[in-house]
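Take a look at the model below. We will walk through its sheet, then one of its strands, then the ligand site.

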Amino acid sequence: KGRHVVITGASGGIGEQIAYEAARQGGVPVLLARSEERLKAISARIEAETGIRAPYASLDVSDRGMIEAVVSQLIADLGAIDVLVNNAGFGVFRYVEDIDLDEMERMFAVNVFGLIACTKAVYSHMKERGSGHIINIASQAGKIATPKSSVYSATKHAVVGFTDSLRLEAGRFGIFVTAVNPGPVETNFFSTADESGEYVRNVSRWMLRPEAVAKRVVAAMMTPTREVNMPRWMDLGSRLYRF
Ligand code: NJP
């Protein structure tokens, strides 16, 4: 109750739902994303529904200077960051021969280096306080392979590796670390990830609702869990996908 839950990529999809659910459970969501207008509207909805005032700020997680500035301002304003949810990310699903190298670098810049930079920005603060919780939204794509998701999958494998190692280090400072690995989720994600709609057709029967993912993420805040896999049978692997 009353914990400050900083969420990157809070302007839509899973991040937006995590914000609503965190507020419903008595937390104070702190909304970060590039689209400030969306954040303003989400903050207003949270206040109307729960009476909780959710601060928000514009942040591009691929901009390191901006991360430092935003996080230190938040710490100054709020006094403490209790939970960081590294959720900002995107995918572009293509066959390897069609991958654009600039796009590939951008995916790593946001999904991997952005997540690491945000983590580092709050880590020393959590370390000083001797408590905190870092929740990284990775993916089943960080555990298993599907066609067309090679680079995205590589970014999420990197997130899982980083998260697992961080967990081993962070425990000595009282900081919990959780990896969240959802299967496909019904958000705007696929408008960029899968322009042709082919991927979505193939995975449609495993599609999760972002509200369901958000519930599990917030539950993991209340009872710290190492890893959240949804749905659990996704780890049966790529045999489940038809291409
Ligand atoms: O996607 P979407 P999801 N700096 O597109 C923000 C992972 N995931 O909710 O900046 C800061 O609805 C963007 O905000 P804006 C996925 O990899 C998904 O599905 O205003 N923020 C928006 O709020 C990702 O890590 C599925 O444009 C940036 C949010 O990110 C996370 O879940 C499955 C940004 C994206 O909202 C949320 O994705 C899975 C930047 N540079 C894992 N770039 C799935 N949907 O199937 C983007 O296993 N954002």
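What follows is a short tour of a predicted model.

Start with the sheet. It is open and has 7 strands. Their order is β3-β2-β1-β4-β5-β6-β7, and the pairing is parallel. At the edges lie β3 (56–58) and β7, each of which pairs on one side only. From one strand to the next, the twist averages 15°.

Now follow strand β6, residues 175–182. On one side is β5 (residues 132–137), which runs parallel to β6 and is joined to it by 6 bridges. Ile-135 has Thr-178 of β6 as its bridge partner. Ile-137 stands opposite Val-180, also in β6. Strand β7 (residues 227–230) also runs parallel to β6, with 4 bridges between them. Here Pro-182 has Met-230 of β7 as its bridge partner.

A helix links into this picture. Together, β5, helix α5 (residues 150–170) and β6 make a β-α-β unit, and the unit is right-handed. Helix α5 packs on the sheet, where it touches β5 and β6. The direction of α5 makes about 160° with that of β6.

Is β6 enclosed or open to the outside? Of its 8 residues, 7 are buried, so β6 is largely enclosed by the rest of the structure.

Turn last to the ligand. It is surrounded by 32 residues. The closest are Gly-9, Gly-13, Arg-34, Gly-89 and Ser-139. By class, the shell holds 14 nonpolar, 15 polar and 3 charged residues. Helix α1 (residues 13–24) gives the most to this shell, with 3 residues.

Note on methods
Residues are numbered from 1 along each chain as its sequence is written. This is a predicted model: local features need pLDDT of at least 70, side-chain atom pairs count only at pLDDT 80 or more; totals for chains, interfaces and linings use all residues. A residue is buried if 20 or more other C-beta atoms lie within 10 Å of its own, exposed if 12 or fewer, and partly exposed in between; C-beta atoms are placed from the backbone. Helices (H or I, at least four residues) and strands (E, at least two) are DSSP runs, numbered from the N terminus. Two strands pair if DSSP finds at least two bridges between them. A crossover is right-handed if, with the strands pointing away from the viewer, the path from the first strand over the helix to the second runs clockwise. A residue is near a molecule or strand if its C-beta atom, placed from the backbone, lies within 6 Å of it. Ala, Val, Leu, Ile, Met, Phe, Trp, Tyr, Cys and Pro count as nonpolar, Asp, Glu, Lys and Arg as charged, and the others, Gly among them, as polar. Axes are lines fitted to C-alpha atoms, for helices over the stretch in contact, and angles run from 0 to 180 degrees between N-to-C directions. Two residues are in contact if their C-beta atoms, placed from the backbone, lie within 7 Å.
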